Amino acid sequence: MAALIAENFRFLSLFFKSKDVMIFNGLVALGTVGSEELFSVVAFNCPCSPARNYIYGLAAIGVPALALFIIGVIWNNHTWNLVAECHKRGTKNFSAAATFLLFGSIMGRAAVAPVTWSVISLLRGEAYICALSEFVKPSSLDKFPANYGADVLARFPCKDVPANLTKFRDEVTRRLRYESQLFGWLLIGIVAVLVFLTKCLKHCCSPLSYRQEAYWAQYRSNEAKLFQRTAEVHSRILAAKNVKQFFGFVALDKEEKELVQEFPVEGVQPSPQWNAITGVYIYRENKGFPLYSRLHKWAKGVEGNGPSPEGHEMLFLAS
């Protein structure tokens, strides 16, 4: 198990693009490694039956990967920002490049867990051996008995074979494990190249300097944290006022009483304001000054999201 984890730390390093992304992708990938290990030990049982091995083996690799991909898409905030954008404003403000980069960001983040699952499955080799053992040509095995066929080869992953076929089972298992691990390492190499090219393309196409892009990332992170924290306090104070109005009193602890006294809440924000700060954000500049988010743009009173002659456009790729 220790050797397996050590091997896969090399794979995890492909996704480390920033501190926040490193933590997120690292946790996702490590969780996937643990899940795949548990699945292999507890749940994976090759049927060792012709025509069933292939379906079961591919399903063991592909179905969990598909489920992890869908979960990754659901958990990505860009997905719901895109849904909100299409619902409220349509896609008229999206250029082809912005749309491509947005979907690339969503798909790339969602692909971390399924690619990790696929790589670990291929490096382990059990599912691949189960799926393809029956397709090994008997003629490729030296002195393989002519009276045995695919039905016996399909039982090789379960070691349920006659004693005179033990050496052939070992050879088939070794051959298929080699192929499986080769595909796993090739997948790691392909992902590494794609991550490198994507990183280069992102920096080459960015209208921002490296320092300004780093500042933009810091601003997004701080804005999200402060907005979430403030929204939690605001909703708690508003709820306390409404509960007090209904019952005549409200049971608050010491900390909540201090919050109610320190931050008076008069009402709620109207829906147009929520709509204005919700959705996909394309980087804009207003008279040479950057607008780093929809909230920033709303606070400055800038209307519209269409491209302007002096404006730059860059997709909001949150970490």
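**Phe-156 and the cores**

I began at Phe-156 in this predicted model, and listed its contacts (heavy atoms within 4.5 Å): leaving aside neighbours within four places in sequence, Phe-156 is in contact with Phe-144, Val-161, Leu-165, Phe-168, Arg-169 and Val-172. I then looked up the largest nonpolar core, a core being a set of buried Ala, Val, Leu, Ile, Met, Phe, Trp, Tyr and Cys residues joined through side-chain atoms within 4.5 Å, where buried means under 20% relative accessible area, exposed over 50% and partly exposed in between, with a 1.4 Å probe and protein chains only. This core has 21 residues, of which Phe-144 and Phe-156 touch the most other members. Helix 3, helix 7, helix 8 and helix 9 each supply at least two residues of this core, and helix 7 gives the most, with four residues; helices here are DSSP runs (H or I, at least four residues), numbered from the N terminus. Apart from this core I found another, of eight residues, among them Ala-98, Leu-102, Ile-106 and Val-280.

**Conventions and confidence**

I noted that residues are numbered from 1 along each chain as its sequence is written, and that side-chain values use heavy atoms, with hydrogens and water left out. Because the model is predicted, local features need pLDDT of at least 70 and side-chain atom pairs count only at pLDDT 80 or more, while totals for chains, interfaces and linings use all residues.

I looked up pLDDT, the predictor's confidence in each residue, from 0 to 100, and found a chain mean of 80, with 79% of the residues reaching 70 or more. Confidence is lowest in helix 1 (residues 2–12), at a mean of 40, and highest in helix 10, at 93. pLDDT stays under 50 over residues 1–19, for which the model has 28 contacts beyond four places in sequence, and also over residues 306–319, for which the model has 48 such contacts. Where pLDDT is low, the predicted coordinates should not be read in detail.

**Cysteines**

How many disulfides does the structure hold? I found two, a disulfide being a pair of cysteine sulfur atoms within 2.5 Å. Cys-46 and Cys-130 form a disulfide with their sulfur atoms 2.1 Å apart, and this link is right-handed, with 85° about the S-S bond. The pair links distant parts of the chain, 84 residues apart, with Cys-46 in the loop between helix 2 (19–43) and helix 3 (52–75) and Cys-130 in helix 7 (residues 126–132). Both Cys-46 and Cys-130 are buried.

A disulfide also joins Cys-48 to Cys-158, S to S 1.7 Å, and the link of Cys-48 and Cys-158 is right-handed, with 95° about the S-S bond. This pair links distant parts of the chain too, 110 residues apart: Cys-48 is in the loop between helix 2 and helix 3, Cys-158 in the loop between helix 8 (150–153) and helix 9 (166–205). Cys-48 counts as buried because its relative accessibility is 11%, whereas Cys-158, at 36%, counts as partly exposed. With the bonded cysteines numbered in sequence order, I wrote the pairing down as 1-3, 2-4.

Cys-200 is in no disulfide, the nearest cysteine sulfur, that of Cys-204, being 6.2 Å away. From the side of Cys-204 the closest cysteine sulfur is that of Cys-200, and 6.2 Å is too far for a bond. Cys-200 is partly exposed, with a relative accessible area of 32%, while Cys-204 counts as exposed, at 68% relative accessibility.

**Asn-53**

Is Asn-53 buried or exposed? Asn-53, in helix 3, counts as buried because its relative accessibility is 0%. I looked next at the polar atoms around its side chain: a polar atom there lies 2.9 Å from the backbone nitrogen of Cys-48, and the side chain reaches the backbone oxygen of Ala-154 at 2.8 Å. Not counting residues up to four places away in sequence, Asn-53 touches nine residues by name, including Cys-46, Cys-48, Cys-130, Ala-154 and Pro-157.

**Glu-223**

I closed with Glu-223, whose place is in helix 10 (residues 210–247) and which counts as buried, at 19% relative accessibility. Leaving aside neighbours within four places in sequence, Glu-223 is in contact with Ser-293, Leu-295 and His-296. The C-alpha atoms of Glu-223 and Tyr-292 are separated by 9.9 Å, the two residues being 69 apart along the chain.

Conventions. Polar contact = N/O pair within 3.5 Å; in protein donor to acceptor, adjacent residues only side chain to side chain.
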